[in-house]
Amino acid sequence: EPGSLFPGFEGSTWSGSVRWSPRDRFGLSLYGQSRLAYSILEREALLRDERQGATVSFGVGWRLRLNLFAERGTLDYGAGETSDSSRVDDLTAYGGRFDVPLGRRFTFSAGARWTTVDSDLPGAGYELTEILATFGLGLSGGAPRTAADVEKAMKQK
């Protein structure tokens, strides 16, 4: 229908992370992203969501892993080609997630995230609480990790 197209966007999106795991049961990660999101606001339908954060990961018990994270960022509503908005909201989020493998191919994750958005537009700020849950299925055996793994895989063929 006329007028139902998504607004155009000129630019790039990205995501990246750096992880340090000095031990098998502990890890630190720094990450960042710049991605597009669509808003239900008719005038400002496209926004750029930019975040930077850190995660601390702990092994708990035999198989459980706890991930705690905190992040800061901005929501820029002037990202679309047709937008003339100068609205930029600041956000702060934190939360945690438990990950557990279920056998060789399945994983389950559950957690929560709390987000606070401070807007320069009066009355547009908000707080959001999310309950997170995922169930994953891995169908491949994965890539060999070391040269010895590659050599062993070659001998098995």
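Which element gives the most to the lining of the largest pocket? In this predicted model, the answer is β2, with four residues. The pocket itself has a volume of about 370 Å³. Its lining counts 18 residues, and those closest to the centre are Arg35, Asp49, Arg51, Leu75 and Tyr126. Two or more lining residues come from each of β2 (26-38), β3 (46-60), β4 (64-76), β6 (106-118) and β7 (126-137). Sorted by class, the lining is made up of nine nonpolar, six charged and three polar residues.

As for the overall layout, the protein chain holds seven strands and one helix. Read from the N terminus, the order is β-β-β-β-β-β-β-α, so the helix follows the strands by the way elements are numbered along the chain. The chain has 157 residues, of which 26% count as buried. Looking at contacts between residues at least 6 apart in sequence, 46% join residues at least 24 apart.

Back at the pocket, Asp49 is a good place to start. This residue, one of those closest to the pocket centre, sits in strand β3. Asp49 has a relative accessible area of 4% and is therefore buried, the cut-off being under 20%. Its side chain makes a polar contact of 2.8 Å with the side chain of Arg51, and Arg51 is also among the residues closest to the centre of the pocket. Leaving out residues up to four places away in sequence, Asp49 touches Gln33, Ser34, Arg35, Thr74, Leu75 and Leu91. Two of these partners, Arg35 and Leu75, are again listed among the residues closest to the pocket centre.

Leu75 ties the pocket to the nonpolar interior. Besides its place by the pocket centre, Leu75 belongs to the largest nonpolar core, a set of five residues completed by Leu47, Tyr77, Leu91 and Val117. Beyond four places in sequence, the contacts of Leu75 include three of its core partners, namely Leu47, Leu91 and Val117. Leu75 also touches Arg48, Asp49, Arg87, Val88, Asp89 and Tyr126. Of these, Asp49 and Tyr126 are likewise among the residues closest to the centre of the pocket.

Next along the chain comes Asp76, which is still in strand β4. With a relative accessible area of 26%, Asp76 is partly exposed, because that value lies between the 20% and 50% cut-offs. Asp76 touches Leu46, Leu47, Arg48, Arg87 and Val88, with residues up to four places away in sequence set aside. Leu36 is 40 residues from Asp76 in sequence, yet the two C-alpha atoms are 9.6 Å apart in space.

Val88, one of the contacts of Asp76, lies in strand β5, which spans residues 88-102. How far apart are the C-alpha atoms of Val88 and Asp76? They are separated by 4.5 Å, with the two positions 12 residues apart along the chain when one number is taken from the other. Val88 has a relative accessibility of 34% and so counts as partly exposed. Its contacts, apart from neighbours within four places in sequence, are Thr74, Leu75, Asp76 and Asp120.

Two serines round off the picture. Ser57 is found in strand β3, as is Asp49. Is Ser57 buried or exposed? Its relative accessibility is 1%, so Ser57 counts as buried. A 3.0 Å polar contact links the side chain of Ser57 to that of Asn67. Setting aside residues up to four places away in sequence, Ser57 touches Arg65, Leu66 and Asn67, and also Arg19, Arg25, Phe26 and Gly27.

Ser29 lies in strand β2, the element that gives the most residues to the pocket lining. With 14% relative accessibility, Ser29 also falls in the buried class. The side chain of Ser29 makes a polar contact of 3.3 Å with the side chain of Arg19, and Arg19 is also touched by Ser57. Outside its neighbours up to four places away in sequence, Ser29 touches Val18, Arg19, Gly53, Ala54 and Thr55. Ser17 is 12 residues from Ser29 along the chain, and their C-alpha atoms are separated by 6.8 Å.

Conventions:
Residues numbered from 1 in each chain as written. Predicted model: local features only at pLDDT ≥ 70, side-chain atom pairs only at ≥ 80, totals over all residues. Heavy atoms only, no water. 1 Å grid on protein atoms, 1.4 Å probe; cavity = no way out; pocket = protein on both sides within 12 Å on 5 of 7 lines; lining within 4 Å. Points joined across faces, edges and corners; volume = space filled by probe spheres on them. Nonpolar A, V, L, I, M, F, W, Y, C, P; charged D, E, K, R; others polar. Buried < 20%, exposed > 50% of the residue type's maximum accessible area, 1.4 Å probe, protein only. Polar contact = N/O pair within 3.5 Å; in protein donor to acceptor, adjacent residues only side chain to side chain. Contact = heavy atoms within 4.5 Å. Core = buried A, V, L, I, M, F, W, Y, C linked by side-chain atoms within 4.5 Å.
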